[in-house]
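Biologist: I'd like to learn how to read a protein model, one feature at a time. Can we walk through one together?
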Amino acid sequence: MTTSFSNAFWLPFTPQRQFRGQPLLFTAAEGMHYTTSTGERMLDAMAGLWCVNAGHGQPRIAAAIAEVAGRLDFVSSFRMSHPQAFELADRLAALAPEGIDHVFFTNSGSEAVDTALKIARAYHVARGDARRVKLVGRAKGYHGMGFGGLSVAGIARHKRDFGPLLADTAHLPLPYDGRSKFSRGLPQTGAEYADALEQLFLVHDPATVAAVIVEPVTGSGGVYPPPVGYLQRLRELCTKHGILLVFDEVITGFGRVGAPFAAQAFDVTPDLITCAKGMTNGTVPMGAVLASRQVYDAFMTGAPDVIELFHGYTYSAHPLACAAALATLDVHEELGLAARTARIAPTWESAAHDLRSAPHIADIRNVGLLGAIDLQPRAGAVGARGNEVQLACQQAGVLVRNSGDTLVLSPPLVISEAQVAQVFDAIRGALARVG
């Protein structure tokens, strides 16, 4: 099959000229596999982009989208809405940790993060404490590409070309060091990294801090699980100083670490949770901020006919997205995906760490159905080895993603034990071929 395309499409996070010389185009997807434009099947070890948790081509989700598209193509959520938006909000609140029971809909993880940061600042204003404006993120954190999320994120290359970003931000260190290398699941050391928040308070008055935002598991920055006790300590410090704690669960939400949300898997309840990606199984763009009762109620004190939060998006709670999300939740329940993830995670962990003796391995990390493999970089060519391994895996029929010399893995939660073996066999073979 010959495929031609114009130069009009400017692809995100892609070297445009290299792509046009070596295009990778997919024309279909089903279950664990993509089909390329040349008819080859490729095992998806990235769940699309961390989002197709229930596997590709789920017929129930497709049918739900088709039904609502023919019945109610669009309705605004500004002073009106539709029944499925309320149904979805109820189901998400029931799925969330106890006390997280209000939902503000967005269209992506980036929008969810910027919304959460605005809610955090506005929450303190609503309580009469407008001095709380500072936002604290963390090194290696990824919070989307909006100006708010980029400001609190901790990946320098992502920020380089777009400054100046938001003022009044600060960052915690990544809670990871040499003691944690090759940890299986949560590292046993490193909880003390949370105390860096108190060190920040020597520079930034805690009474001026609105929120701390972290990914429970650092995702795009390299899959760094939190040390045992780290998130609990962050929760304690935020509570002590009246600061909102925000968990960015755009990646970890919807079963990825063996529970509906990482907050439940790690037994720490934040004040706000951002989610997206797996929410609709990747079929229709959608995100949300899940808010605690305390946060929501702080806004509900003025006159009942006055807008409490001057914020929103044209496509918030879009009918097609709500239908897709409701059907996705049904599929998750029917397949028991969170529990299934917990059962297969040890197989995933063992297969990942069996690569420790392979060439070029610098570190391996895992939790749930997430994984990262750090490769030794080549002298003077950082990222080249990771890129070559990723391409070699594609040639072996397995789609993985590299961020520089780190391979990041996040397969659909329906992956079988045989397919787990196929993923890591492909990586092992690629490592053996790449110098």
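Biologist: Let's start with charged side chains. Which residue's side chain does R293 meet in a salt bridge?

Modeller: One thing first: this is a predicted model. Now the general idea: side chains of opposite charge can pair when their charged atoms come close. Here, R293 and D101 form a salt bridge, with 2.5 Å from N to O. R293 belongs to helix α11 (residues 293–299) and D101 to strand β4 (residues 100–106), so this bridge ties together parts that are 192 residues apart in sequence.

Biologist: How exposed are R293 and D101?

Modeller: R293 has a relative accessible area of 41%, which makes it partly exposed. D101 is partly exposed too, at 23% relative accessibility. The cut-off helps here: under 20% would count as buried.

Biologist: How many salt bridges does the structure hold?

Modeller: There are 21 of them. Another one is the pair R91 and E333, whose side chains meet at 3.2 Å, N to O. That pair also links distant parts of the chain: R91 sits in helix α4 (residues 83–95), E333 sits in helix α12 (residues 319–335), and they are 242 residues apart.

Biologist: Is E333 buried or exposed?

Modeller: E333 counts as exposed, because its relative accessibility is 58% and the cut-off for exposed is over 50%.

Biologist: Which residues are linked with R91 and E333 in a network of salt bridges?

Modeller: R60, D330 and E334 join R91 and E333 in that network. For another case, look at E192 and R179, which form a salt bridge with their closest N and O atoms 2.6 Å apart. E192 and R179 are both in the loop between β6 (169–172) and α8, 13 residues apart. E192 is partly exposed at 43%, and R179 is partly exposed at 47%.

Biologist: Okay, on to strands. What should I look for in a sheet?

Modeller: Here's a handy idea: in a regular strand the side chains alternate between the two faces of the sheet. Then check the order of the strands and the way they pair. In this model, one open sheet has four strands in the order β1-β2-β3-β13, and its pairing is mixed.

Biologist: Which strands stand at the edges of that sheet?

Modeller: Those are β1 (26–30) and β13 (398–399). Each has a single partner strand, so one side of each is left without a neighbour in the sheet.

Biologist: How do β1 and β2 pair?

Modeller: They are antiparallel, paired over four bridges. E30 stands opposite H33 in β2. The two strands make a hairpin with two residues between them, and G31 in the turn has a positive phi of about 60°.

Biologist: And how many bridges join β2 to β3?

Modeller: Three bridges join strand β2 (residues 33–36) to strand β3 (residues 41–44), and the two run antiparallel. On the β3 side, L43 is the bridge partner of H33, and R41 is the bridge partner of T35. This hairpin has four residues between its strands, and G39 there takes a positive phi near 90°.

Biologist: What is the strand order in the open sheet that contains β11?

Modeller: It goes β11-β12-β15-β14, four strands with antiparallel pairing. The edge strands are β11 (361–367) and β14 (401–403). From one strand to the next, the twist averages 20°. β14 pairs with strand β15 (residues 406–409) over three bridges, and R401 has V408 in β15 as its bridge partner.

Biologist: Last topic: how do I find empty space?

Modeller: Rolling a probe the size of a water molecule over the atoms shows where empty space is left. In this model, the largest cavity has a volume of about 40 Å³. Its lining includes K134, F201 and H204. By class, that lining has six nonpolar, one polar and one charged residues.

Biologist: How much space lies in the second largest pocket?

Modeller: About 1200 Å³. It is lined by 33 residues, and those closest to its centre are S77, V103, F104, Y296 and E308. The elements that give two or more residues to the lining include β4 and α11, where we met D101 and R293. Sorted by class, the pocket lining has 22 nonpolar, six polar and five charged residues.

Definitions and conventions:
Residues are numbered from 1 along each chain as its sequence is written. This is a predicted model: local features need pLDDT of at least 70, side-chain atom pairs count only at pLDDT 80 or more; totals for chains, interfaces and linings use all residues. Side-chain values use heavy atoms; hydrogens and water are left out. On a 1 Å grid over the protein atoms alone, a cavity is a set of points where a 1.4 Å probe fits but cannot get out, and a pocket is an open set with protein on both sides within 12 Å along at least five of seven lines; lining residues have an atom within 4 Å of a point. Grid points are joined across faces, edges and corners, and a volume is the space filled by probe spheres set on the points. Ala, Val, Leu, Ile, Met, Phe, Trp, Tyr, Cys and Pro count as nonpolar, Asp, Glu, Lys and Arg as charged, and the others, Gly among them, as polar. A salt bridge is a side-chain nitrogen of Lys or Arg within 4 Å of a carboxyl oxygen of Asp or Glu. Buried means under 20% relative accessible area, exposed over 50%, partly exposed in between (1.4 Å probe, protein chains only). Two strands pair if DSSP finds at least two bridges between them. Axes are lines fitted to C-alpha atoms, for helices over the stretch in contact, and angles run from 0 to 180 degrees between N-to-C directions.
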